[in-house]
Amino acid sequence: MITHKVKLKDLTQSYFKRLKEQYLDGDTEIEIIVHTKEDQFHPDHEMDEQAFWNIIESISPTALEENELELATQLLSTKKEAEIKTFYDILSEKLYLLDRKDIATNIGICSYGNEDDFSADLFLYARCAAIIQGREKFEAILNTPEKMIKDHFFEPLLLLPERAYFQKTGKPLNHIPSFNFETFFNSQGWNRSAAMF
């Protein structure tokens, strides 16, 4: 089961279209649970989209090194263990949504199509760099792939959930995120069948 936390105002036709494209099986069911303002401070519902982006936006958009995650790690480690896992799930979704051919062709010198330069790993790190630009830039890239940032990579973002979880618990984070965000796994984004990979 995969949980999507969405504000009512974001339940647009395009959102439902993306869901249908992602889950091609017509028998897939969705369950809608409405949380009112009275529910918003319930401990199980503190890690939502806004909380996710608040933590992400504590990272400098020009971050290049692992130690630039310190503030974000500290902020995330104050959350409950389940919230850290939810953060990882949301991060995996964002990376998955960016895993598209039209975005891969716009990452700069290592863009897809440059056979000798394109790297699946580098494209993943480029998607990480796009996410630390913040919510507004992320959504702009989804809508207009040409707005993808160029020649900027930030692999350390992948370590953030694990570092925060370890800082909180002293234990490794054993959690498989909701989306496989490795390059080429968004088959819709590459206009291919998953069986082709």
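In this predicted model, a good place to begin is Arg127, which lies over the face of Phe123, at 4.7 Å from the ring centre. The ring of Phe123 does not stand alone, for Tyr112, Phe118, Phe123, Phe184 and Trp190 form one aromatic cluster. Phe123 also leads to Ile103, a residue that lies in helix α5, made of residues 101-104. Leaving aside its neighbours within four places in sequence, Ile103 is in contact with Phe123 as well as with Leu98, Ile141, Pro145 and Met148.

Is Ile103 buried or exposed? Its relative accessibility is 0%, and buried means under 20%, so Ile103 counts as buried. Ile103 also shows how the chain brings separate stretches together, since Ile103 and Glu146 are 43 residues apart in sequence, while their C-alpha atoms are 7.2 Å apart in space.

It helps now to step back and look at the chain as a whole. Its secondary structure comes to eight helices and zero strands, and from the N terminus on the elements run α-α-α-α-α-α-α-α. Of the 197 residues in the chain, buried residues make up 37%. Among contacts between residues at least 6 apart in sequence, 75% join residues at least 24 apart.

Helix α4, which covers residues 81-98, is a useful guide to how the helices meet. The axes of α4 and α8 come within 10 Å and cross at roughly 175°, and the two helices are therefore roughly antiparallel to each other. On the α4 side of this contact stand Glu81, Ile84, Lys85, Phe87, Tyr88 and Leu91, and these meet Leu160, Pro161, Ala164, Tyr165, Lys168 and Thr169 in α8. Sorted by class, the contact of α4 with α8 has eight nonpolar, one polar and three charged residues.

One of the residues on the α4 side, Ile84, deserves a closer look. Ile84 is buried, with a relative accessible area of 0%. Not counting residues up to four places away in sequence, Ile84 touches Leu76, Ser77 and Lys79, and also Pro161, Ala164, Tyr165 and Lys168. The C-alpha atoms of Ile84 and His175 are separated by 9.9 Å, although the two residues are 91 residues apart along the chain.

Helix α4 also meets helix α2, which is made of residues 49-56, and here the axes come within 10 Å and cross at roughly 80°. That angle makes α2 roughly perpendicular to α4. In this contact Glu49, Phe52, Trp53, Ile55 and Ile56 in α2 meet Phe87, Ile90, Leu91, Glu93 and Lys94 in α4. The residues of the contact of α2 with α4 divide into seven nonpolar, no polar and three charged. Phe87 and Leu91 are thus worth finding in the model, as they take part in the contact with α2 and in the contact with α8.

The last stop returns to aromatic rings, of which the structure holds eleven pairs. One of these is formed by Tyr96 and Phe179, a tilted pair with 5.2 Å from centre to centre and 45° between the planes. Why can this pair be said to tie together parts of the chain? Tyr96 lies in helix α4 and Phe179 in the segment after α8, so the pair ties together parts that are 83 residues apart in sequence. Both Tyr96 and Phe179 are buried.

Definitions and conventions:
Residues are numbered from 1 along each chain as its sequence is written. This is a predicted model: local features need pLDDT of at least 70, side-chain atom pairs count only at pLDDT 80 or more; totals for chains, interfaces and linings use all residues. Side-chain values use heavy atoms; hydrogens and water are left out. Rings of Phe, Tyr and Trp (its six-membered ring) pair if their centres lie within 6.5 Å; planes under 30 degrees apart count as stacked, over 60 as edge-to-face and the rest as tilted. Helices (H or I, at least four residues) and strands (E, at least two) are DSSP runs, numbered from the N terminus. Buried means under 20% relative accessible area, exposed over 50%, partly exposed in between (1.4 Å probe, protein chains only). A charge sits over a ring if NZ of Lys or CZ of Arg is within 6 Å of the ring centre and within 35 degrees of the ring normal. Axes are lines fitted to C-alpha atoms, for helices over the stretch in contact, and angles run from 0 to 180 degrees between N-to-C directions. Angles under 35 degrees count as roughly parallel, over 145 as roughly antiparallel, 65 to 115 as roughly perpendicular and the rest as oblique. Contact means heavy atoms within 4.5 Å. Ala, Val, Leu, Ile, Met, Phe, Trp, Tyr, Cys and Pro count as nonpolar, Asp, Glu, Lys and Arg as charged, and the others, Gly among them, as polar.
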